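Colleague: I should like to learn how to read a structural model feature by feature. May we begin with the surface and then work inwards?

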Amino acid sequence: MLEAIKKLAAEIGQPVCVQEFIEGPEVYCLLLAEKQIHSLGVAEVYASRGPKKDGDYLEFKDHCLTGGMLYRPPTVAAGVIEDVVKHSKHVNHVLEMSGLTRIDYRIQDDGTPAVIDIADNPGTSPASALAYILQQSDFPMADIDLLILGVGLRDVRCLDQGGQN
């Protein structure tokens, strides 16, 4: 497999990242990092096409289909969600991320969250996890653009002041 990966990287002219498949529910944690890191909520994501014949997981084409990904409140134990939030805040802090970010996990059989993606610029469409999570908090959809603009302007202002958040 390593030789095939090297060949693919050479053919497309960029590095290739291969992830180990982890079976289990996929959950996203949305964060807002200002002076402190705040969790805005957690959602479970699933494919609108339903489970595949060999398991319930997302495929790349689920991301590309309009309505291919759906969100719901997490179905895993509350303690697991607490761990997801704690780990997400730690990842955000260690990577010195600011503004709106999203950390994605697969929850393993034993309840251990495994980071599978870090989105430093999460999607903001009405069909996104960001929109779903904010709606669960009664945040008005009409104000999402203002939230994003406000966070962005804050980051620009901080850069103008020497890069300190």
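Colleague: Which residues make the nonpolar surface patch of about 320 Å²?

Modeller: This is a predicted model, and in it the patch is made by Val94, Leu95, Val115 and Ile118. Leu95 is found in the loop between α3 (78-94) and β4. Leu95 counts as partly exposed because its relative accessibility is 46%, and the class between buried and exposed runs from 20% to 50%.

Colleague: Where is Asn121, and is Asn121 buried or exposed?

Modeller: Asn121 lies in the loop between β5 (113-119) and α4. Its relative accessible area is 65%, so Asn121 is exposed. The C-alpha atoms of Asn121 and Ser98 are 9.9 Å apart, although 23 residues separate the two along the chain.

Colleague: Let us turn to the interior. How should a nonpolar core be read, and which residues of the largest one touch the most other members?

Modeller: In soluble globular proteins, nonpolar side chains tend to be buried together. Here the largest nonpolar core has 18 residues, and those touching the most other members are Tyr28, Val45, Leu58, Met69, Tyr71, Leu130 and Leu134. At least two residues of this core come from each of β1 (26-33), β2 (37-47), β3 (69-72), α4 (129-136) and α5 (144-160). The most is given by α4, with six residues. A separate core of 13 residues lies apart from this one and includes Val42, Ile81, Val84 and Ile107.

Colleague: Which residues does Leu134 touch, not counting residues up to four places away in sequence?

Modeller: On that count, Leu134 touches Leu30, Leu40, Phe139, Ile144 and Leu147.

Colleague: What surrounds a polar residue such as Thr101, leaving aside its neighbours within four places in sequence?

Modeller: Thr101 is found in strand β4 (residues 99-107). With a relative accessible area of 1%, Thr101 is buried. Leaving aside those neighbours, Thr101 is in contact with Cys29, Leu30, Leu31, Asn92, Ala119, Asp120 and Pro122. With Asn92 there is also a polar contact of 2.6 Å, which joins the two side chains.

Colleague: Finally, how does one read charged pairs, and how many salt bridges are there?

Modeller: Side chains of opposite charge can pair when their charged atoms come close. The cut-off is 4 Å between a side-chain nitrogen of Lys or Arg and a carboxyl oxygen of Asp or Glu, and by this rule there are five salt bridges. One of them joins Lys6 and Glu3, whose closest N and O atoms are 3.9 Å apart.

Colleague: Why are Lys6 and Glu3 separated by about one helical turn?

Modeller: The reason is that Lys6 and Glu3 are three residues apart in helix α1 (residues 2-12). Lys6 counts as partly exposed, at 48% relative accessibility, whereas Glu3 counts as exposed, at 57%.

Colleague: What can be said of Lys7 and Glu11 in helix α1?

Modeller: They are four residues apart, about one turn of the helix. Lys7 and Glu11 form a salt bridge with their closest N and O atoms 4.0 Å apart. Lys7 is exposed, with a relative accessible area of 53%, and Glu11 is exposed at 57%.

Colleague: Are Arg102 and Asp104 buried or exposed?

Modeller: Both Arg102 and Asp104 are buried. Their side chains meet in a salt bridge with an N to O distance of 2.7 Å.

Definitions and conventions: Residues numbered from 1 in each chain as written. Predicted model: local features only at pLDDT ≥ 70, side-chain atom pairs only at ≥ 80, totals over all residues. Heavy atoms only, no water. Buried < 20%, exposed > 50% of the residue type's maximum accessible area, 1.4 Å probe, protein only. Polar contact = N/O pair within 3.5 Å; in protein donor to acceptor, adjacent residues only side chain to side chain. Contact = heavy atoms within 4.5 Å. Core = buried A, V, L, I, M, F, W, Y, C linked by side-chain atoms within 4.5 Å. Patch = residues over 30% accessible without salt bridge, like charges linked within 9 Å, V, L, I, M, F, W, Y side chains within 5 Å. Areas by Shrake-Rupley, 256 points an atom, 1.4 Å probe, with all protein chains shown as cover.
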